[in-house]
Amino acid sequence: MSRVRIVALTALTMMAFAGNSLLCRVALTRTGIDAASFTTIRLVSGALMLLLLVWAKRGASDVDTGNWGSALALFAYATSLSFSYAGLSTATGALLLFAAVQATMIGHGIWQGERLHQMQFCGLALAVSGLVGLLLPGLSAPPLFDSMLMMGSGVAWGIYSLRGKRVANPIQATAGNFLRAACIAALMSLVMFSSISVDRAGLIYALASGALTSGIGYAIWYTVLPALRVTHASAVQLCVPAIAAVGGTAFLGEPITLRMVLASVTILGGIALVILVKHRAQASD
């Protein structure tokens, strides 16, 4: 794969990841769809798109993969994201989501016995200070409950990513996990039947989030991932909150506050420091 193609596909994937946040935020604030219905439609359409891609590449006999543990983590991620975006701006939600994802990955490494270097401790302290500064009470502070819910979504996605590290065919496994998660989401919608609300615009946004920015987005990511260094794959995802912030401003008119800018710099900068120092140390060993 050429370098130009790698860069192009990576950029397209990051825009898709940011698009998930933007589509969810638009749907829940500008249409009549409820969070449970958005989640269900997103997961169902994502599963169908991924199954279609698997069928086109390998045949129907290879579809039944994945597992219920990963599907539950995927469901928790998608559901928490949808419900939290009712109260968070696009940029804030994406920042909290990806910070929690990376924190989960870093925390897992520490749990497994990885030793942190001094600069990594500085990076963690910087990231935590940025998070505290973002959530401190004030006029521009995001709602605490929604913020905690979004961080829970990030933890769930981090767990899903960790569970999928040793998967031989990630697109195939993701298709199976999406299908299982869609079944769980359908049960959720059934339980919440009395509060279901779906209009045409909300349906379109949910379908786009599932089939395009989730299904095709993940398929492209897993295609380009083998061509990226581990450091680059981790670090490049830190640009997603910035892309989401631009989208939220351009399409929803959401303001970018000074608190948000300072928090983004400290949180993402701190996480980037941890990632870069870790892989530099591994390379020197």
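Biologist: Why are the side chains of Glu254 and Arg25 said to meet in a salt bridge?

Modeller: The distance between Glu254 and Arg25 is 3.0 Å, N to O. A salt bridge is a side-chain nitrogen of Lys or Arg within 4 Å of a carboxyl oxygen of Asp or Glu, and the pair therefore qualifies. The model is a predicted one, in which local features need pLDDT of at least 70 and side-chain atom pairs count only at pLDDT 80 or more, whereas totals for chains, interfaces and linings use all residues. Residues are numbered from 1 along each chain as its sequence is written, and side-chain values use heavy atoms, with hydrogens and water left out.

Biologist: How many salt bridges does the structure hold, and which parts does the pair of Glu254 and Arg25 tie together?

Modeller: The structure holds one salt bridge. Arg25 belongs to helix H1 (residues 3-30), while Glu254 is in the loop between helix H10 (240-252) and helix H11 (258-284), so the bridge joins parts that are 229 residues apart in sequence. The helices named here are DSSP runs (H or I, at least four residues), numbered from the N terminus.

Biologist: Are Glu254 and Arg25 buried or exposed?

Modeller: Glu254 has a relative accessible area of 11%, and Arg25 has 14%. Buried means under 20% relative accessible area, exposed over 50% and partly exposed in between (1.4 Å probe, protein chains only). Glu254 is therefore buried, and Arg25 likewise counts as buried.

Biologist: Helix H1 also holds Asn20 and Ala11. Into which class of exposure do Asn20 and Ala11 fall?

Modeller: Asn20 is buried, because its relative accessible area is 2%. Ala11 has 36% and is therefore partly exposed.

Biologist: What does Asn20 touch?

Modeller: Residues up to four places away in sequence are not counted, and Asn20 then touches Arg42, Tyr77, Ser209, Thr213, Ser214 and Tyr218. Contact means heavy atoms within 4.5 Å. As for Ala11, its C-alpha atom and that of Val240 are separated by 9.7 Å, although the two residues are 229 residues apart along the chain.

Biologist: How do you know that the length of helix H5 (residues 118-135) agrees with its number of residues?

Modeller: The expected span of a helix is 1.5 Å times one less than its number of residues. For the 18 residues of H5 this gives 26 Å, and the end C-alpha atoms are 26 Å apart, so the two values agree.

Biologist: Which residues of H5 are buried, and on what grounds are they placed on one side?

Modeller: Gln120, Gly123, Ala127, Gly130, Leu134 and Leu135 are buried in H5. These residues cover an arc of only 125 degrees around the axis, which puts them on the same side of H5; the arc is that of the directions from the helix axis to the C-beta atoms. On the other side of H5, Gln118 and Phe121 are exposed.

Biologist: What makes Val198 eligible for a nonpolar surface patch?

Modeller: Patches are made of residues with over 30% relative accessible area and no salt bridge; nonpolar side chains (Val, Leu, Ile, Met, Phe, Trp, Tyr) are joined within 5 Å, like charges within 9 Å. Val198 has 42% and is partly exposed; this value therefore passes the 30% limit. Phe193, Ile196, Val198, Leu203 and Leu207 make the patch of about 430 Å², an area from the Shrake-Rupley method with a 1.4 Å probe, for which only the protein chains shown count as cover for residues. Val198 itself lies in the loop between helix H7 (170-191) and helix H8 (200-224).

Biologist: Why is Leu179, in helix H7, called partly exposed, and why is Ser70, in helix H3 (residues 68-84), called buried?

Modeller: Leu179 has 41% relative accessibility, between the 20% and 50% limits, and therefore counts as partly exposed. Ser70 has 3%, under 20%, and is therefore buried. Beyond neighbours within four places in sequence, Leu179 is in contact with Ala47 and Leu51. Ser70, with residues up to four places away not counted, touches Tyr160, Arg163 and Asn177.

Terms used. Helices (H or I, at least four residues) and strands (E, at least two) are DSSP runs, numbered from the N terminus.
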